Each structure stands twice: as C-alpha cells, then as structure tokens.
Amino acid sequence: MCLLVFAWNVHPRYRLIFAGNRDEFHDRPTAPMAWWAEPQRILAGRDLQAGGTWLGLSKRGDFGVVTNYRELQRPTPGMPSRGGLITNYLNSSLPSARFLADLGAEADQYAGFNLLLADSERMHYASNRAEPFARALQAGVHGLSNHLLDTSWPKLARTRASFETLIATPEPALEDLLSMLADREAAPDHLLPDTGIGLDWERLLSAPFIVDDRYGTRCSTVLRIGLEGSVQVRERRFDRQGRTTGEDAFEWRAEHAE
C-alpha cells in the first residue's frame, strides 16, 4: 500500500472506514484478495514473491495494513518480509497493543515500514522509523503514504480532503471511495517532496492513482466495519494502463460481535 486514508471511530455507524491504493511493480506476482485456506482465517491478497500481504482482515474483524517507508537504502538480503507482519498479526489472536509490544524488540530487523493494526477496541500505528515505535490512535481521520503517519504529501492532502467530505454523509458509499482513489492528477512541481528519488519519479508518484508501464497502482481497497460488527470490503484491480481487470466484494459479521 502506498496511499491510504481512514476514519477511526468518527462516523456514527462505522468503527472503521478505510480506502487505499496499493502501488507496486507490475512484474511482482500477486494473487487477488480472497479467503486464505485454513487454518489461516484471513481475507487478503497475497504477494506471491515473498508470501505475505499488504492488507488483510480476520473473521473477527481485526484489520492490518502495511506500507513501505521510502528511503534510498535497499533492503538487506535475508531481511524478513514486511508483508509477514500482517499475516502474523491476524493469525495471532492478540490485541493490537500486545502484538506491537512483542514486535518492538525485533522491528529493526525489517526494512522501513509503517503499520496500522486494529482490533475490536483499539487501533495502533507503528513504524520502525518513528519514535516512539508504536502509539494508540484516538478517534479521528488520518492518512498515510510512504512516510510517517499524516505526513502531508500533496496526494495525501488532496485525498484526505475528499475523504473527509465523503464520510460526512450518513452512509459513505464504497463506490464513492473507489472513485476517490482513481484520481490520476499529478501534483505541480513546486509542491513535490524531495525524497531523493529524482524529479521524474517524484512526479510519477505524486498522483493518488499511478499509471506507468513499469510501476503503478495495482489495486484499490475500500472497507467499512460497523459498530455492530458488519464488515464490507471491495477490491478493484488494474493493469499497466490503469484499466480495471477484476473486482471482488466480501461481506460478513465479525465473529466477536454480539
């Protein structure tokens, strides 16, 4: 995932409303979102190269998503996959706070990451490039790309503003959230961050939805988790030209919900 916005305990009907784009090299093999085979009761896409996932949910309604932290150094060979953080959490049955407390001692073994984990009670943000490593999030609207939480890169600021308008309605529609994520407008040069990757890449990556033959938005994911336990998820997938190649929808009631 490289762009995401979410509302935690803001809407009167939904504990979590989330919308995010996963940007990745098109040559990296990926399986679409689906329920994984038992005993892994996880709904997620699958990175077929490293075996983990970028975003997933459990039957309990627990949620996790990870983004890379943009930095120039390449990951050291043999580092554990950041995608494993999501599967480890969802399979653990641990509250998000306990999982992160255990992870903190080994977080420096991973390349730079941002991690959002939610259970039925709390949501936490963690990054091995932040101090402190992890913190609980209060009710609010947040955004994340490939820097620290709420870093106001142009595409994040624009998407977050649109998101706040959409969730102000009595029933934020998943289709509207998907349309919001389809914004292909690049930021003007004078607003671009300088993260050391060069102007051409800064321009390309400044659009909320990235279209490029080599690297781009591979899928958009939106979801709502209701206060009463309802879970609704949609994933829409794209090719190198940004054309829709598939879409799936999932709906269930979280197992912990009464």
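These legends describe close-up views of a predicted model.

The model is predicted, so local features are given only at pLDDT of at least 70 and side-chain atom pairs only at pLDDT 80 or more, while totals for chains, interfaces and linings use all residues. Residues are numbered from 1 along each chain as its sequence is written, and side-chain values use heavy atoms, with hydrogens and water left out.

**View 1. Helix 1 packs against helix 2.**
Helix 1 covers residues 84-92 and helix 2 covers residues 96-103. Helices (H or I, at least four residues) and strands (E, at least two) are DSSP runs, numbered from the N terminus. Two packed helices are described by the angle between their axes and the distance between the axes. Here the angle is about 130° and the axes are 10 Å apart. Axes are lines fitted to C-alpha atoms, for helices over the stretch in contact, and angles run from 0 to 180 degrees between N-to-C directions. Helix 1 and helix 2 are therefore oblique to each other; angles under 35 degrees count as roughly parallel, over 145 as roughly antiparallel, 65 to 115 as roughly perpendicular and the rest as oblique. The crossing of helix 1 with helix 2 is right-handed, a term used if the near helix is turned clockwise from the far one by less than a right angle, with left-handed for anticlockwise. Helix 1 contributes Leu85, Asn88, Tyr89 and Ser92, which meet Ser96, Phe99 and Leu103 of helix 2; contact means heavy atoms within 4.5 Å. The contact has four nonpolar, three polar and no charged residues. Ala, Val, Leu, Ile, Met, Phe, Trp, Tyr, Cys and Pro count as nonpolar, Asp, Glu, Lys and Arg as charged, and the others, Gly among them, as polar.

**View 2. Leu85 lies among the buried residues of helix 1.**
The buried residues of helix 1 are Gly84, Leu85, Ile86, Thr87, Tyr89 and Leu90. Buried means under 20% relative accessible area, exposed over 50%, and partly exposed in between (1.4 Å probe, protein chains only). These buried residues pack against strand 4 (42-47), strand 5 (55-58), strand 6 (63-68), helix 2 and strand 7. Leu85 has 1% relative accessibility and so counts as buried. Leaving aside residues up to four places away in sequence, Leu85 touches Phe99, Leu103, Tyr110, Phe113 and Leu115. Just after helix 1, Ser93 takes a positive phi of about 65°.

**View 3. Asn114 in strand 7 is joined to Tyr125.**
Strand 7 runs over residues 113-118 and includes Asn114. Asn114 counts as buried because its relative accessibility is 0%. Its side chain and that of Tyr125 form a polar contact of 2.6 Å. A polar contact is a pair of N or O atoms within 3.5 Å; within protein, one must be able to donate a hydrogen and the other to accept it, and residues adjacent in sequence count only if both atoms are side-chain atoms.

**View 4. Helix 3 crosses helix 4.**
The axes of helix 3 (residues 154-166) and helix 4 (residues 174-181) come within 10 Å and cross at roughly 165°. That angle makes helix 3 roughly antiparallel to helix 4. The crossing of helix 3 and helix 4 is right-handed. Thr159, Ser162, Phe163 and Leu166 of helix 3 make the contact with Asp176, Leu177 and Met180 of helix 4. By class, the residues of this contact are four nonpolar, two polar and one charged. Ala173 is found in the loop between helix 3 and helix 4, and with a relative accessible area of 30% Ala173 is partly exposed.

**View 5. Arg236 in strand 12 makes a polar contact with Glu247.**
Strand 12 spans residues 230-238. At 14% relative accessibility, Arg236 counts as buried. The side chains of Arg236 and Glu247 are joined by a polar contact of 2.6 Å. Apart from residues up to four places away in sequence, the residues that Arg236 touches include Glu175, Leu178 and Arg218.

**View 6. Two loops hold cis peptide bonds.**
One cis bond joins Glu38 and Pro39, with omega about 10°. Pro39 lies in the loop between strand 3 (30-35) and strand 4. Another cis bond joins Glu131 and Pro132, with omega about 5°. Pro132 lies in the loop between strand 8 (123-127) and strand 9 (134-136).
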